[in-house]
Amino acid sequence: MTEAVGIKKINKSFFGNQVLHDVSLSIDYGEIHSICGENGAGKSTLMKIIGGIYSANSGTIMINGQEASLRTPQEAYLHGIGIVHQELSLSDNMSVWHNIFVNRELTSPLGFIKRREMQRRAEEILQKLDMRVDPRTKVSSLPFATRQMIEIAKLLSMDVDVLILDEPTSALSERESQALFELMLSLKEQGKAIIFISHKLDEVKQISDRVTVLRDGRLVGTLTKEEATTERIVSMMVGRDIDEFYPPKAKRRDGKIMLKCSSLSRKDKFEDISFDLRAGEILGLYGLVGSGRTELALSLVGADKMDSGAVQLGDKPFRAKSPRQAVKSGLCYLSEDRKQLGLFLEMSLEENFVSSSLEKVTGQFGVIQGKQVKSISTNLIEQLGVVPRRSEAVAASLSGGNQQKVLLGKWLAANPQVLIVDEPSRGVDIGAKSNIHFLLRELADRGMAVLMISSDLPEILGLSDRVMVMHEGRLKGILENTDLTQEGIMNVAYGEVETP
Amino acid sequence: MKRVMNAIRGIDKQMAVILFLIVMITIVMALDNPYFLTLDNFAVMADGFLFEGIMAFGMTLVIVSGGIDISVGGVFPLAAILMALMLRSGLNYYLAMLIVILVGALIGFINNELRRILKIHPMIVTMAMLLTLRGLNLAITDGRVISRLPAGFIEMANTRFLGLSWPMLVYIVLAIVCFSLSKRQRSFLHIYFVGGNPSSAALSGIRTERVYRMVYMLNSMLAAVAGILATMVYNSASSNFGQGIEMRVITAVAIGGASLTKGGIGSIEGTILGSLFLAMIYNAFIMSGVSAYYQDVFTGLMLVTAVVLRTQVFRKE
């Protein structure tokens, strides 16, 4: 096979912080080459260097055996490189066809665009992808997964030879991912070189011809399809063997019912949801974006309204009017959107820790007791293993995994009876992820009732005692987590028949 | 029929409301006073808002790019003053116009460079520019009105084409040009990408800084054009020209549906309607004998209403 992209001894630093060390790598035509690594391993940086968005400090990139200058996205494109970015790069105020042809508009010599022709071609490309979307639709009115597919359509329309897909499946459902993989395989058959980045190792194993692992900006090694087992990839990513990803299941399942929900409904969001949550257990709530899972949580804690249904918290009937009241009554919600809704990014760790339980550290005349704050903060940092171990550190300076731990700590300080965590490990490294999982189990073992919302099936299966499945606003079933498989859960989610 | 329905559905809701209001005002005013619907009154109405209308085209581009430019309130009188001074020095009319437009372009260029290099919000940069230019205008004119322009120029300024005054003609030509450019010209299309999401526009290979430079320069150039036209209409120039004009311009753009807080939203056709709407309102005020002092009260209310319409009522899901 001929080499499409040859990366030779690339170095890159940001503000004196070196993120890539002498990375050399070769990608061939007709292969799907996956890049794995924890967050911050340098995957996206490397891709952005190939895509002409960043420039390397040293090292060369060979395209078709010749040294190439890739200083702008435009130059990369002229070398036949196209990239689907991890963060979506669509302009949602524009229509689909605008986005597909952005900066490559078909124009007359005076720069007037050929609208009809572009619309027609956009339609052809969308049809090739089996998408039923009118190219004149505004992107803002499309669901997230569709936008991801349009991003891919944009790449296809560019007719490039090297395709870089940076976490294209993170917002896609299982079915959509499979459709994407079929497309990738057919592009591979056509002789294109495809670089694929994903956190989901199952996908990586399924689709790749070779897997390259990066750790801390260094290339650890490249595995062939046969060598690429989950254990092998993970140990290369983390730098050590992780024997146990997931903690053991609940010790006791006969705890008191802490949260009892009956027929909860909110118009257009969720309908007729009933379940019990016991002290000491972790109930996994599986559902994709749009399944109504987050909306259910927001209504439970009073951040949104609820149309009907009854909630019992502990022994008493409960209806939260505001999140503040929910926190006071011992029900806390850990948001999936830690930057927008969870953390005070500009504030210190200790301020974040006590932000949900200020009355506990407030003395006479509303004065905050600095000593008490410090001791709570030091305890939590210790317990959660937050790095850096400084209470004064600003939250924004922490890595994603550590931010998530701080967010968890914020709610621990409030010491709730019932804790709802929404996507607790999204965007978090494998190491920190497993940390968070063990922490959640420890909380449950101490008698907390935990409802864990997640769209990550391995996480749901690994951590939950029971699994509750939601799809399109409806409860599709509550399953005991013994011999459950991913397929089993998917079948319940998409199945017509409700399981009792 | 299907096409017509699609066209109707395609119309922005806010624009539909403004259009509806314009029709309502016309009906009410026409019933009240038949003179309202005459061509004469239409000319009066237009004269009252043409400078703002022309400047609103440039402002639309700036606002769609996600920026703002209030310095046009200083460019407008400066252009008039420079024009008048050059005319009095006996310079060729058309050469003088060209120079004034180039000065406009230079001011836009400086605005953008300050924004780019110093990384200051365009509101601050252009506010500084506005104050600077106001002072400069006073210094140049010593606070006096510059009149007694060459007779030949006055004659030229008063000629009409097909019964249209210069400002009206320029407005119509600019409306058509800006409309078609904004819909179909590649660089103008990129303004929407840059305003909607600057980082994704950059990822797509759009040279965003080039787009910003273009919109700020065009905006100042259009303000200079309006200033030249003011010299032609008033046969004089003064540092007092266009007090608060920048705010009326921004209001017209906002009423036309552009978002002042979030780029990528707004259109030339919306701005045309916004300008027409304000022109009619001002005219209606005068005709119904309401004190002119209340005009600004109303403009303020309209600005809030327009933004509420955009952000609360017709919020795009």
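Where in chain B does Leu162(B) lie? Leu162(B) sits in the loop that runs between α8 (151-158) and α9 (166-184) of chain B. Keep in mind as you look around that this is a predicted model.

**Two residues with a positive phi**

Leu162(B) is worth a look for its backbone: it has a positive phi of about 50° although it is not a glycine. Is Leu162(B) buried or exposed? With 6 other C-beta atoms within 10 Å, Leu162(B) is exposed, since 12 or fewer counts as exposed.

Over in chain A, Asn103(A) also has a positive phi, of about 65°, and it is not a glycine either. You'll find Asn103(A) in the loop between α3 (96-100) and α4 (115-128) of chain A. Asn103(A) has 17 other C-beta atoms within 10 Å, so it is partly exposed.

Here are these two next to Ile195(A), a residue we'll come back to below.

| Residue | Where it lies | Other C-beta atoms within 10 Å | Label |
|---|---|---|---|
| Leu162(B) | loop between α8 and α9 of chain B | 6 | exposed |
| Asn103(A) | loop between α3 and α4 of chain A | 17 | partly exposed |
| Ile195(A) | strand β8 of chain A | 26 | buried |

**Chain B as a whole**

Zoom out to chain B, and you can count 15 helices and 0 strands. Its radius of gyration is 20 Å, close to the 20 Å that the globule rule gives for 317 residues, so chain B is as compact as a globular protein of that length. Its C-alpha atoms fill a box of roughly 60 × 55 × 35 Å along the principal axes. Of the 317 residues in chain B, 46% are buried. Now take the contacts in chain B between residues at least 6 apart in sequence: 80% of them join residues at least 24 apart.

**Where chain B touches chain A**

The contact between the chains takes 19 residues from chain B and 22 residues from chain A. On the chain B side, α10 (186-196) and α11 (198-203) each supply at least two residues. The largest share of that side comes from α10(B), with 6 residues. Sorted by type, the chain B side has 7 nonpolar, 8 polar and 4 charged residues.

**Inside chain A**

Chain A is divided into domain 1 (3-238) and domain 2 (257-494), and their C-alpha centres lie 33 Å apart. Each domain puts 10 residues into the contact between them. On the domain 1 side, α8(A) gives the most, with 3 residues. That side divides into 5 nonpolar, 3 polar and 2 charged residues.

Back to Ile195(A), in strand β8 (residues 193-197) of chain A. Which residues does Ile195(A) contact, leaving aside its neighbours within four places in sequence? They are Ile27(A), His33(A), Ile35(A), Met47(A), Ile164(A) and Leu165(A). Thr230(A) is 35 residues from Ile195(A) in sequence, and 19 Å from it in space, C-alpha to C-alpha.

Finally, find helix α16 (residues 430-445) of chain A. Its 16 residues reach 23 Å from first C-alpha to last, close to the 22 Å expected at 1.5 Å a residue. Its buried residues include Ile430(A), Ile436(A), Leu440(A) and Leu443(A). The buried residues of α16(A) pack against several elements of chain A, among them α8 (230-238), β13 (282-286) and α15 (400-414). Just after α16(A), Gly447(A) takes a positive phi of about 110°.

Notes:
Residues are numbered from 1 along each chain as its sequence is written. Chains are lettered from A and ligands numbered from 1 in the order in which they are written. This is a predicted model: local features need pLDDT of at least 70, side-chain atom pairs count only at pLDDT 80 or more; totals for chains, interfaces and linings use all residues. Helices (H or I, at least four residues) and strands (E, at least two) are DSSP runs, numbered from the N terminus. The radius of gyration is taken over C-alpha atoms; the globule rule is 2.2 Å times the number of residues to the power 0.38. A residue is buried if 20 or more other C-beta atoms lie within 10 Å of its own, exposed if 12 or fewer, and partly exposed in between; C-beta atoms are placed from the backbone. Two residues are in contact if their C-beta atoms, placed from the backbone, lie within 7 Å. The expected span of a helix is 1.5 Å times one less than its number of residues. Ala, Val, Leu, Ile, Met, Phe, Trp, Tyr, Cys and Pro count as nonpolar, Asp, Glu, Lys and Arg as charged, and the others, Gly among them, as polar. Domain bounds come from an automatic or database domain assignment.
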